[in-house]
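I opened the model at the bench today and kept short notes on what I looked up. The entries follow in the order I made them.

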Amino acid sequence: MDFIIKNHRFLPGLFLAGLFIFPGISHAGEAAKDLTPLANHAAYIEKTLQAPARPVSMRGVRFSSRDFTLRVVDNPGGEKWLLATAMRETGALAGTNGGYFHEDFRPLGLVIIDGKTTNSLRQARLLSGIITAGTDGIDLVRPAEAFPSGVADALQAGPFLVDRGKPVPGLDPNRVARRTFVATDGHRNWFLGNLGPCTLAEAGAALATVVGVLIE
């Protein structure tokens with residue numbers, strides 16, 4: 001998973017568990033193109049972004065941590081649920097794949113679900129961020145930064161794509177894949193979304209052009 005947070009950072013990866021947005025009152029909504037209002041001031045956004053080598057499709061949900069939280073929902077073996085099924089069964093407004101995993105679907109990096117640590121922190125160049133949710137709200141921290149208190153759910157992934165409104169230097173310009181990302185303005189505004197096939201460098205460049213639309 002990729003991230004945009006704290007003064008516009010973005011973070012990425014391949015995924016084992018899912019990140020799901022849960023409202024204070026359960027609600028489900030159908031997505032439409034461009035901007036579609038959802039429950040509690042959330043909105044679905046679908047856009048085509050321009051990366052250096054190709055147009056990149058983007059879609060996701062903008063929300064406030066005043067009204068929603070994130071939870072990690074495990075998918076052991078990678079075949080338990082389709083994403084849409086998991087969302088319906090958990091009462092989530094929105095959801096996406098998230099987190100790196102081994103070929104046998106064992107998680108790679110920190111995973112906390114309902115207050116229980118199911119996999120430990122991993123030091124690796126790509127695993128540069130941790131998304132957390134708990135009594136103090138939602139946060140995105142680097143592994144070396146202080147961990148928030150009261151964390152109920154957490155997922156380690158990376159790398160950061162955008163920081164302080166600019167693409168992070170050194171992102172891979174070669175491997176093309178679908179990308180999932182989370183973004184924040186460092187306060188209470190968040191965006192959970194995905195991108196069509198692109199490189200990490202293209203993802204950073206494209207997302208840096210729309211951070212204001214996504215999370216402000």
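Entry 1, confidence. pLDDT is the predictor's confidence in each residue, on a scale from 0 to 100. I am working from a predicted model, so I looked this up before anything else. For the protein chain I noted an average pLDDT of 78, with 81% of the residues scoring at least 70. I then asked which element has the lowest mean pLDDT and which the highest. Strand β2, residues 9-11, has the lowest mean at 35, and strand β11, residues 111-113, has the highest at 92.

I also marked two stretches where pLDDT stays under 50. One covers residues 2-18, and there the model has 145 contacts beyond four places in sequence. The other covers residues 22-33, with 25 such contacts.

Entry 2, the chain as a whole. I counted 3 helices and 19 strands in the protein chain. Of its 216 residues, 49% are buried. I took the contacts between residues at least 6 apart in sequence and found that 67% of them join residues at least 24 apart. The chain exposes about 10300 Å², and carbon and sulfur atoms supply 51% of that area.

Entry 3, strands β4 to β6. I started with β4, residues 34-37, and β5, residues 43-50, which pair in the antiparallel sense over 4 bridges. Within this pairing, Leu 35 has Ile 45 in β5 as its bridge partner, and Pro 37 stands opposite Ala 43 in β5. How many residues lie between β4 and β5 in their hairpin? I found 5, and I noted that Asn 40 in the turn has a positive phi of about 50°.

Next I followed β5 onward. β5 runs antiparallel to strand β6, residues 55-64, and 8 bridges join the two. Ala 43 turns up again here, with Arg 62 in β6 as its bridge partner. I recorded Ala 43 as facing Pro 37 and also as bridged to Arg 62. β5 and β6 form a hairpin too, with 4 residues between them.

Entry 4, Gly 196. I located Gly 196 in strand β19, residues 189-198. Is Gly 196 buried or exposed? Its relative accessibility is 4%, so Gly 196 counts as buried, the cut-off being under 20%. I then looked for what lies around Gly 196. Leaving aside neighbours within four places in sequence, Gly 196 is in contact with Val 56, Ser 57, Ala 177 and Arg 178. I also took the distance from Gly 196 to Pro 55, which is 8.9 Å from C-alpha to C-alpha, although the two are 141 residues apart in sequence.

Entry 5, cavities. Rolling a probe the size of a water molecule over the atoms shows where empty space is left. I found 2 cavities of 30 Å³ or more in the structure. I looked at the second largest, which has a volume of about 30 Å³. Which strand gives the most to the lining of this second largest cavity? Strand β13, residues 129-134, does, with 3 residues. I listed the lining residues of the second largest cavity as Thr 132, Ala 133, Gly 134, Asp 136, Gly 137, Pro 148, Ser 149 and Val 151.

Terms used: Residues are numbered from 1 along each chain as its sequence is written. This is a predicted model: local features need pLDDT of at least 70, side-chain atom pairs count only at pLDDT 80 or more; totals for chains, interfaces and linings use all residues. Side-chain values use heavy atoms; hydrogens and water are left out. Two strands pair if DSSP finds at least two bridges between them. Contact means heavy atoms within 4.5 Å. Buried means under 20% relative accessible area, exposed over 50%, partly exposed in between (1.4 Å probe, protein chains only). Accessible areas come from the Shrake-Rupley method with a 1.4 Å probe; for residues, only the protein chains shown count as cover. On a 1 Å grid over the protein atoms alone, a cavity is a set of points where a 1.4 Å probe fits but cannot get out, and a pocket is an open set with protein on both sides within 12 Å along at least five of seven lines; lining residues have an atom within 4 Å of a point. Grid points are joined across faces, edges and corners, and a volume is the space filled by probe spheres set on the points.
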